[in-house]
Amino acid sequence: MNPEKPLLIYDAECEFCMRWVARWHARTGDRIEYLPLQQPGLLRRLGIPLSDALRSSQLVTPSGNRYEGAGAVFRALGHAPGLGFLTWLARLPPARWVADRVYFWIARHREIAARMDGVVSGSIAPGRGSPV
């Protein structure tokens, strides 16, 4: 862990999560560190309950602030070139309300979301559930 940059913690056992973390990492480069919640001792060292990390992505800032769910994603993507406005957008109540609901629907329906994402991205053929 690099204490000088934000850390996004994600579920490496979730296909949807893995796919989106790869996309976010491509945008943020080395400005954000990404580590799986399954890394031994990580959650304990940071004082993050396993139930929180399993429910949603966690972003820990260098100052020790923690954000979760859509707020964590907005703040992480705010470090990507050209996407700084997302940090501002995340503070607007209407945007936060919509993003939180979408995020938590996806989090509760990860398998469906992964299949839909795979079809939309072209990595899974419709109705087949297997890579193209």
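**Entry 1. Lining of the largest pocket**

I looked up which elements line the largest pocket in this predicted model. At least two lining residues come from each of β1 (7-10), α1 (15-28), α3 (50-55), α4 (69-77) and α6. I noted a volume of about 450 Å³ for this pocket. Its lining comprises 22 residues, and those closest to the centre are Phe16, Trp24, Val73, Tyr103 and Ile106. I then sorted the lining by class and recorded 17 nonpolar, two polar and three charged residues.

**Entry 2. Helix α4**

I turned next to α4, which supplies at least two residues of that lining. Is α4 largely enclosed by the rest of the structure, or open? I found α4 to be largely enclosed, because eight of its nine residues are buried. The buried residues are Gly69, Ala70, Ala72, Val73, Phe74, Arg75, Ala76 and Leu77. Among the elements that cover them I listed β1, α1, β3, β4 (66-68), α5 (85-89) and α6. Val73 thus appears in two of my lists, as a buried residue of α4 and as one of the residues closest to the pocket centre.

**Entry 3. Ser56**

I located Ser56 in the loop between α3 and β3 (58-60). Is Ser56 buried or exposed? Its relative accessible area is 2%, and Ser56 is therefore buried, the cut-off being under 20%. Setting aside neighbours within four places in sequence, I recorded contacts of Ser56 with Glu68, Gly69, Tyr103 and Phe104. Of these partners, Gly69 is a buried residue of α4, while Tyr103 is among the residues closest to the centre of the largest pocket.

**Entry 4. α6 against α7**

I examined the packing of helix α6 (residues 93-108) on helix α7 (residues 110-121) and noted an angle of about 100 degrees, with the axes 5 Å apart. The two helices are therefore roughly perpendicular. From α6, the contact involves Trp105, Ile106, Ala107 and Arg108; from α7, it involves Arg110, Ile112 and Ala113. I classed these residues as five nonpolar and two charged, with no polar residue. Ile106 also belongs to the group closest to the pocket centre.

**Entry 5. α1 against α7**

I then checked α1 against α7: the angle is about 50 degrees and the axes lie 8 Å apart. On these values α1 is oblique to α7. On the α1 side I listed Glu15, Phe16, Cys17, Arg19, Trp20 and Arg23, which meet Arg110, Ala113, Ala114, Asp117, Gly118 and Ser121 of α7. By class, this contact holds five nonpolar, two polar and five charged residues. I noted that Arg110 and Ala113 of α7 serve in the contact with α6 and also in that with α1.

Note on methods
Residues numbered from 1 in each chain as written. Predicted model: local features only at pLDDT ≥ 70, side-chain atom pairs only at ≥ 80, totals over all residues. Heavy atoms only, no water. Axes fitted to C-alpha atoms, helices over the stretch in contact; angles between N-to-C directions. Helix = DSSP H or I, 4+ residues; strand = E, 2+ residues; numbered from the N terminus. Parallel < 35°, antiparallel > 145°, perpendicular 65-115°, else oblique. Contact = heavy atoms within 4.5 Å. Nonpolar A, V, L, I, M, F, W, Y, C, P; charged D, E, K, R; others polar. 1 Å grid on protein atoms, 1.4 Å probe; cavity = no way out; pocket = protein on both sides within 12 Å on 5 of 7 lines; lining within 4 Å. Points joined across faces, edges and corners; volume = space filled by probe spheres on them. Buried < 20%, exposed > 50% of the residue type's maximum accessible area, 1.4 Å probe, protein only.
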